[in-house]
Every structure is written in C-alpha cells, then in structure tokens.
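Here are a few notes to go with your first look at this one. Have the viewer open and follow along point by point.

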Amino acid sequence: MLHAVIDFGSLTVGHPDAEHATVWGLPPEARQAYWNTLNLDDLTWTRARAWAIAIILYYGRTWPAFVTECQALFQEILTDAAARRDGMDG
C-alpha cells in the first residue's frame, strides 16, 4: 500500500542560487545585465553555475534531444567562469 509520494521537483523553488541557474541560456550581454541589475556576489554566481551544471548533467543523460543544448550551455558556463577569473586576475 502506498502511503506517500515525495516530489523533489520543486525542492529548489525560491533558493537564490538555483533561481539564477537559468541565466546561461541568455546571451552574454543579457547575462551581464542580469548580474549588474541584481548586484549578485561572486559566491552566489558560482553556486548558480554549479546548479546549472547539475541540471545539464541530469538532462544531458536523461533526455537525448537536449544533449546539444546542454553542451552549448556548458560551454557558456565555462566561458563565463574564465572571463570572470581573468577579470579578477587583471
């Protein structure tokens, strides 16, 4: 007999880092405007990047039609991380 069902699908709703994870689907200029407008700190941005990677890894393995888009999003994340790192070093 089934006693309960736990749906973790909305577990991250309202969690700031997870809410920002979708920005890598935006063009780089829009992503920067988003960052600037919300005045996000580096740690929040890094955690949002990690959430996005987790989503990419999940859907890249479970939804074959999404693989190409996941690869493009992952490249955007790597490019963004390198640009921010290089900006801090310079």
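1. Which residues are linked in a network of salt bridges? They are Arg31, Arg49, Glu76, Asp80 and Arg84. Keep in mind while you look that this is a predicted model.

2. Now for the overall layout. You'll find four helices and zero strands in the protein chain, and from the N terminus on the elements simply run α-α-α-α. The chain has 90 residues, and 23% of them count as buried.

3. Back to the charged pairs: the structure holds six salt bridges. One of them joins the side chains of Arg31 and Glu76, at 2.9 Å from N to O. Arg31 sits in helix α2 (residues 28–38) and Glu76 in helix α4, so this pair ties together parts that are 45 residues apart in sequence. The two partners are worth checking for burial as well: Arg31 counts as buried, at 3% relative accessibility, while Glu76 is partly exposed, with a relative accessible area of 27%.

4. Another member of the network, Asp80, forms a salt bridge with Arg84, and their closest N and O atoms are 3.2 Å apart. Here both residues belong to helix α4, four residues apart, which is about one turn of the helix. Are Asp80 and Arg84 buried or exposed? Asp80 is buried, and Arg84 is too.

5. Have a look at Arg85 and Asp86 too. Their side chains meet in a salt bridge of 3.1 Å, N to O. Arg85 counts as partly exposed at 45% relative accessibility, and Asp86 is also partly exposed, at 44%.

6. Next, the second largest pocket, which holds about 160 Å³ of space. Its lining is made up of Ala21, Thr22, Trp24, Gly25, Ala52, Ile55, Ile56, Phe66, Glu69, Leu73 and Ile77. By class, that comes to eight nonpolar, two polar and one charged residues. Helices α3 (42–62) and α4 (67–89) each supply at least two residues of this lining.

7. Last, keep an eye on Ile55, which lies in helix α3. Besides being one of the residues lining the second largest pocket, Ile55 joins Tyr58, Tyr59 and Trp63 in a nonpolar surface patch of about 430 Å². Why can Ile55 be part of a surface patch? A nonpolar residue needs over 30% relative accessible area to be included in a patch, and Ile55 qualifies on that count because it is partly exposed, with a relative accessible area of 37%.

Definitions and conventions: Residues are numbered from 1 along each chain as its sequence is written. This is a predicted model: local features need pLDDT of at least 70, side-chain atom pairs count only at pLDDT 80 or more; totals for chains, interfaces and linings use all residues. Side-chain values use heavy atoms; hydrogens and water are left out. On a 1 Å grid over the protein atoms alone, a cavity is a set of points where a 1.4 Å probe fits but cannot get out, and a pocket is an open set with protein on both sides within 12 Å along at least five of seven lines; lining residues have an atom within 4 Å of a point. Grid points are joined across faces, edges and corners, and a volume is the space filled by probe spheres set on the points. Ala, Val, Leu, Ile, Met, Phe, Trp, Tyr, Cys and Pro count as nonpolar, Asp, Glu, Lys and Arg as charged, and the others, Gly among them, as polar. Patches are made of residues with over 30% relative accessible area and no salt bridge: like charges are joined within 9 Å, nonpolar side chains (Val, Leu, Ile, Met, Phe, Trp, Tyr) within 5 Å. Accessible areas come from the Shrake-Rupley method with a 1.4 Å probe; for residues, only the protein chains shown count as cover. A salt bridge is a side-chain nitrogen of Lys or Arg within 4 Å of a carboxyl oxygen of Asp or Glu. Buried means under 20% relative accessible area, exposed over 50%, partly exposed in between (1.4 Å probe, protein chains only).
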